[in-house]
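User: I am new to this structure and would like a close look at a single part of the chain. Please take one residue as the starting point and work outward to its surroundings in one connected account.

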Amino acid sequence: MDASRPARLPDGAGRCQTGRAGAQEEREHDSLNLLEARIIAATRRLRDSAPGLFNPLYQAARFGWLAFKRSRVIARGLVGRWFARAGQASQIHLSWTADPDTSVTVCWWTPASGRNAAVSYRRRGDDAWQSRTATSLRSPGIHGYLHRATLAGLTPDAAIEYRVSNDPGYTTPFSDIHVTRTAPAGEDTAIDFAFVCDTGIHGRRDGNADGTLRIIDAIREQAPLLILAAGDYAYANSDTRFDAVGDAVDAWFEQMQPIASRHPVLAQYGNHEIFLVERFDDWAERFCHPPGPGEDRDYSLTIGPVHIVSLFVPNPPYPTDEQLEWLTRELEQARERDVPWLIVFQHEPIFGHGSSHPAVPEIREKLLPIFQAYSVDLHLSGHDQNYERSFPVTGSIHDYRCATREKAQYRKGEGVVYLKCSPGGKRSEIGHNFSQLQHPLPEVIAVHDDTAHHYAYIRATKDVLEVEAYSLLDEGPARTLDRFSIRATALDDEPA
Ligand SMILES: [Fe+2]
């Protein structure tokens, strides 16, 4: 059995059930949703045919159905907590909360117990296993427990084998063995990472998440050191398979396990994790990343030659004034330390011209001057479900322009490259399609595409930052949409 593939995630659906019982519950779930769809359609027909007479009936039926659904969720939670049977670990995912070259943080979920959870680990090639006790808490989902352990004192750039504990009393004490890698130490090294957002959960009834699994498989094949994830993950508000947000979040982590159990994920939040039916608290206990202000909403980490800043901008009113002060200090300090590359990522784009979620000028007005002032090398975002990449942008917020119209080769300091790379598998709800670009596009946009799913792969040494973006459409393989590089020879370093 493939150790990184979650054992309980059925093909074609993102739900987290097991065996025959799981399949039966899934059928019940489907029939309930079919019944729900029929009731909604019938009551809407009544409402539309005679609004004055049937509106009260419609509202009563709607309220009754919602109350039934809610009570069913509560009952499931109680039954799940009181009568949960010992089970195996799932939703295994990694991140970095401390030094990335000597540590890694392991997170996972089990159904029945918050006691005696631990990670067993060793450097690949060693015989002896070491053990690290985990901290555990009740899942904010329907039931189950979340566990977390940071493995410290590791060797840089080393393969680490690990396995996490199942519930006490389960058939086997540990999960299958997973393998990850610590980051190399120092800026004279090479690192690579994937960037993805707007993923959805595969198997949606509306077909909108038709790229999710293929992007996961593509990233898995590329095997980057780490993954940057920029928000909008489960879309619980529109995925009709899930009665409760917690079910959708569980399913998303199960879906991501094949890559997230190998490659640490630095996650940021999108509008779907904050403003729609999902809330920050649904996700905050499950993700882990370096500490930062606002309950770790903003954070940064230096990995090899790159300083990565993760900024919480799910929608206005963010970023706040406090965030702008933090960001300014953060970029200033990184420049003082002379880190070769400065990369910022967030959910909302700075430049975005799709019909579904165009960029918000207020966000650009707040952030572009700071990015320009500290010569951020690359800015990554998503949200608007298409691909747009700028030339290096220079100038002020009132007079920004392309530093060059060269398509693919740049030098450090020419300007900030803004890359909006979306969707990572899930089409927009609006029109059930990609967000259609509104032409003509401004001249700062160098490459664009609104016909496919996208993710990006970035490789950095201290001398060069190389970016390759991929398109996935229909059943075809990923194809290169865009490729560019920024060389570290800054304009200021050029001989006179
Ligand atoms: Fe979004």
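Analyst: Tyr 235 has a relative accessibility of 1%, and because buried means under 20%, this residue counts as buried. The model is a predicted one. Tyr 235 sits in the loop between E10 and H4. Its phi is near 50 degrees, a positive value in a residue other than glycine.

A second residue of this kind is Asp 338, with phi near 60 degrees, again a positive value outside glycine. Asp 338 belongs to the loop between H7 and E14. Its relative accessible area is 57%, so Asp 338 is exposed, whereas Tyr 235 is buried.

The iron site comes next. The iron ion is coordinated at 2.0 to 2.2 Å by Asp 232 (OD), Asn 271 (OD1), His 347 (NE2) and His 383 (ND1). Along the chain, these donors follow the spacing D-x38-N-x75-H-x35-H. Two of the donors show how distant parts of the chain are linked: Asn 271 lies in the loop between strand E11 (265-267) and helix H5 (280-284), and His 383 lies in the loop between strand E15 (378-381) and strand E16 (387-390), 112 residues apart. Asn 271 and His 383 are both buried. The angles subtended by the four donor atoms run from 89 to 158 degrees, which makes the arrangement irregular. The reasoning rests on a cut-off: four donors count as tetrahedral if all angles lie between 85 and 135 degrees.

Aromatic rings form another part of the picture. There are 20 aromatic pairs in the count. In one of them, Trp 283 and Phe 287 have ring centres 5.5 Å apart and planes at 20 degrees, so the pair is stacked. Trp 283 has a relative accessible area of 0% and is therefore buried. Phe 287, at 7% relative accessibility, counts as buried too. In another pair, the ring centres of Phe 351 and Tyr 418 are 5.2 Å apart with planes at 75 degrees, so this pair is edge-to-face. It joins distant parts of the chain, since Phe 351 is in the loop between E14 and H8 and Tyr 418 is in strand E20, 67 residues apart. Phe 351 and Tyr 418 are buried. Ring pairs also link a cluster, whose members include Tyr 233, Trp 252, Phe 253, Tyr 269, Trp 283 and Phe 287.

Helix H3 (residues 212-222) has among its buried residues Thr 212, Arg 214, Ile 215, Ile 216 and Ala 218. The elements that cover the buried residues of H3 include strand E9 (191-196), strand E10 (226-229), helix H4 (245-260), strand E22 (453-460) and strand E23 (464-472). E10 and H4 are also the elements on either side of the loop that holds Tyr 235. Just after H3, Ala 223 takes a positive phi of about 50 degrees.

Helix H8 can be described along similar lines. With 13 residues (361-373) at 1.5 Å a residue, H8 should span 18 Å, and its end C-alpha atoms are 18 Å apart, which agrees. H8 nevertheless has a kink of about 30 degrees at Leu 367, shortly before the proline Pro 369. Leu 367 is one of the buried residues of H8, together with Ile 363, Arg 364, Leu 368, Ile 370, Phe 371 and Gln 372. Helix H7 (321-336), strand E14 (341-345), E15, strand E17 (393-394) and strand E20 (417-421) are among the elements that cover them. Just after H8, Ser 375 has a positive phi of about 45 degrees.

Two prolines follow cis peptide bonds. The bond from Pro 316 to Pro 317 is cis, with omega near 15 degrees, and Pro 317 is in the loop between strand E13 (306-310) and H7. The bond from His 439 to Pro 440 is cis as well, with omega near 0 degrees, and Pro 440 is placed in the loop between E20 and strand E21 (445-449).

Finally, the chain as a whole gives the setting. It contains eight helices and 24 strands. Of its 496 residues, 56% count as buried, and Tyr 235 is one residue that counts as buried. Among the contacts with a separation of 6 or more, 74% are between residues 24 or more positions apart.

Methods
Residues numbered from 1 in each chain as written. Predicted model: local features only at pLDDT ≥ 70, side-chain atom pairs only at ≥ 80, totals over all residues. Heavy atoms only, no water. Donors = N, O, S within 2.8 Å, 3.2 Å for Na, K, Ca; no water. Tetrahedral: all angles 85-135°; square planar, octahedral: opposite > 155°, others 65-115°. Helix = DSSP H or I, 4+ residues; strand = E, 2+ residues; numbered from the N terminus. Buried < 20%, exposed > 50% of the residue type's maximum accessible area, 1.4 Å probe, protein only. Expected span 1.5 Å × (residues − 1). Bend = angle between axes of the 7 residues up to and from the residue. Contact = heavy atoms within 4.5 Å. Phe/Tyr/Trp six-rings, centres within 6.5 Å; stacked < 30°, edge-to-face > 60°.
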